[in-house]
Structures are given as C-alpha cells and as structure tokens.
Amino acid sequence: MTSAFSLRFPEWDLTKSQFKELDELPLMRTPGPILMILAAYLLFVLKIGPALMTKREPYKLTAVLVLYNFFQVVLSAFMVYRYASMMSEYGIAPTACHMHNKSTRETILLDIWIYFAAKVTELLDTIFFVLRKKDSQVTFLHLYHHSVMMIGTWMYLKYWPSYTLMFIGFMNALVHVFMYTYYGLAALGPKVTKYIFWKKYMTKLQLLQFFCIIAHYIVAVNKTECPPTKGVAIFIGGNTLFFAFLFLNFYFQNYRSRNLVKDKTLEKLKRPKVIDDANNEKEKSD
C-alpha cells in the first residue's frame, strides 16, 4: 500500500545568494567566515579577555580610541551621505522595487555591504571595554546588539536584500555620528568630557531611531513592489521592537532612577533648613 502523500524537506544552500554579485564582495560567499568572527568575538569578550585582564592593570588606549572613534565618525558620515543621496533620488519609501535594474541593484547591494562592514568593525567597541576593564559596559544589551546587528545584516544582505534598508542605515549611521564623536572626545579625559552636552540625549536619540525605523518599515514593506517574505518582515519588526524595549529599560534604569535618587537627596538636604527656619520664627515670636 502506497501513501497518498509524502513529506518534502526543503533543500537549503546557505552559500547561494539571492544575487550573484554579492559573492564578489568580501565575507559574503559563505557564512563560515562571519560565524567564525562572531564566535571569536564572543569567546574573547566573555572568557579569554577577562581571564587575561584579571591580574593586569586596565589599558588606557587613549590614542587608539581617538583614532578608532574618528574612523567610525568618518565612516558613519560617509554612510549618511550615501543613503541620503540615494533616498533623495529614489524616495524614502518608494513603490518601485529598484532591485530589477542591474546598475541600481549593484549600488543598493554595495551600500548595504558598507553598512554590514561597519557592524563588523564595531565589534571592537567591546574589545576595548574588556582591555580597559570596563566590565559594567559589557551587558546583555551591548552583546546582543552588536552580535545580532552583524549577523542579521549579513543574512539580510545575502538572502533578502532590498531598498528598505537605506532608511534604516541612514538613521543608524546618523546616530553613530553623534555617538562616536562623544566617545572620541571622552577618550581625551574629564577636561573634555564635561563640555560634551549631548551625552544625556544619546539614549533618547537611540529610542527615536527605533520608533522611526519601525514606522518606516511598516509603510515601506506595504508599498514596495518586492516586499520581503512575511517571516523576514516579522523578524525585522520584532527584533527592532526588542531593541527598543532593551534601550527603554536601560534608559529607565540609568537615567530616571538617578533623577529620582537625586530628587530625594535634594529633598533631604532641604528639609533640615525648612525645620530650622520654622524654629527660628518660633523663637522670634516667643
């Protein structure tokens, strides 16, 4: 007796890109190199690095940090320029797919690859934290953000590239211009840090970025002639919401709680003065 139906298992080829041009770009032919980079990164920042630094004094790395952050500012500004130029020509959320025209597609793929390459270089953020023994900075939020942004951008570029990433790249690169400018100036020491006024606005800017990206993505995937699959759209939207939740939680823990403590401290300091003034008035009346 033969079965009326049979199970069919999909054939996965992780080396196959959606567009053959991608295989000519560095790190894009197979997932092996990028997975090795991610594994080495996590192994160093979680195990090897802290073990090496246990009996060592933290490295200052002033010159290295200034040069690194300067590079990130220039790279981020370059991406802002490229993505803004692309959106000024084709629109922020166009209906046309733009992936069918070879020359336009190659420009889009290169722009997304530059964004991906930036995510790889940004892994050095955590390496520097470990070498400087800034262990409090190596949080779940930090590791998740860097890891998922790198591997997620690689997968998006290789299997589901589209024009919709232009706006995401623009917003993220714009935020990074301010962020890495702050880090670069802060590396020069307290004498400079006290003049950097925008530190307290950085997390708010990150949150604004996420909500703008979510709103844009909903509009863009419903307008375009070549929307991503439902699974990809849900993953990107859900992951961006998760980022927003993590950053919102960070904001409340690190800024709102500090303000509450500060307000309570000021209230305690003012209270004795109020009591003394009341006693003085009573003595005068007596």
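In this predicted model, pLDDT stays under 50 over residues 281–286, a stretch with zero contacts beyond four places in sequence. Residues 1–10 show a similar picture, with pLDDT under 50 and zero contacts beyond four places in sequence. Across the protein chain, however, pLDDT averages 85, and 85% of the residues score at least 70.

Helix α2 makes a good place to look closer. It runs over residues 62–90, and its end C-alpha atoms lie 42 Å apart, which agrees with the 42 Å that 29 residues should span at 1.5 Å a residue. A good number of its side chains are worth tracing in the viewer: L65, Y68, N69, Q72, V73, L75, S76, M79, V80, Y83, M86 and M87 are buried. An α-helix has 3.6 residues a turn, so residues three or four places apart point the same way. The cover over the buried residues of α2 includes α3, α4 and α6 (165–186). Just after α2, G91 takes a positive phi of about 100°.

Backbone angles also draw the eye in the loops. Most residues other than glycine have a negative phi. H98, which is not a glycine, nonetheless has a positive phi near 70°. This residue sits in the loop between α2 and α3 (102–121), and H98 counts as buried because its relative accessible area of 17% falls under the 20% cut-off. K133 likewise combines a positive phi, about 60°, with not being a glycine. Its place is the loop between α4 (124–131) and α5 (140–159), where K133 is partly exposed, at 33% relative accessibility.

Terms used
Residues numbered from 1 in each chain as written. Predicted model: local features only at pLDDT ≥ 70, side-chain atom pairs only at ≥ 80, totals over all residues. Heavy atoms only, no water. pLDDT = per-residue confidence, 0-100. Contact = heavy atoms within 4.5 Å. Helix = DSSP H or I, 4+ residues; strand = E, 2+ residues; numbered from the N terminus. Buried < 20%, exposed > 50% of the residue type's maximum accessible area, 1.4 Å probe, protein only. Expected span 1.5 Å × (residues − 1).
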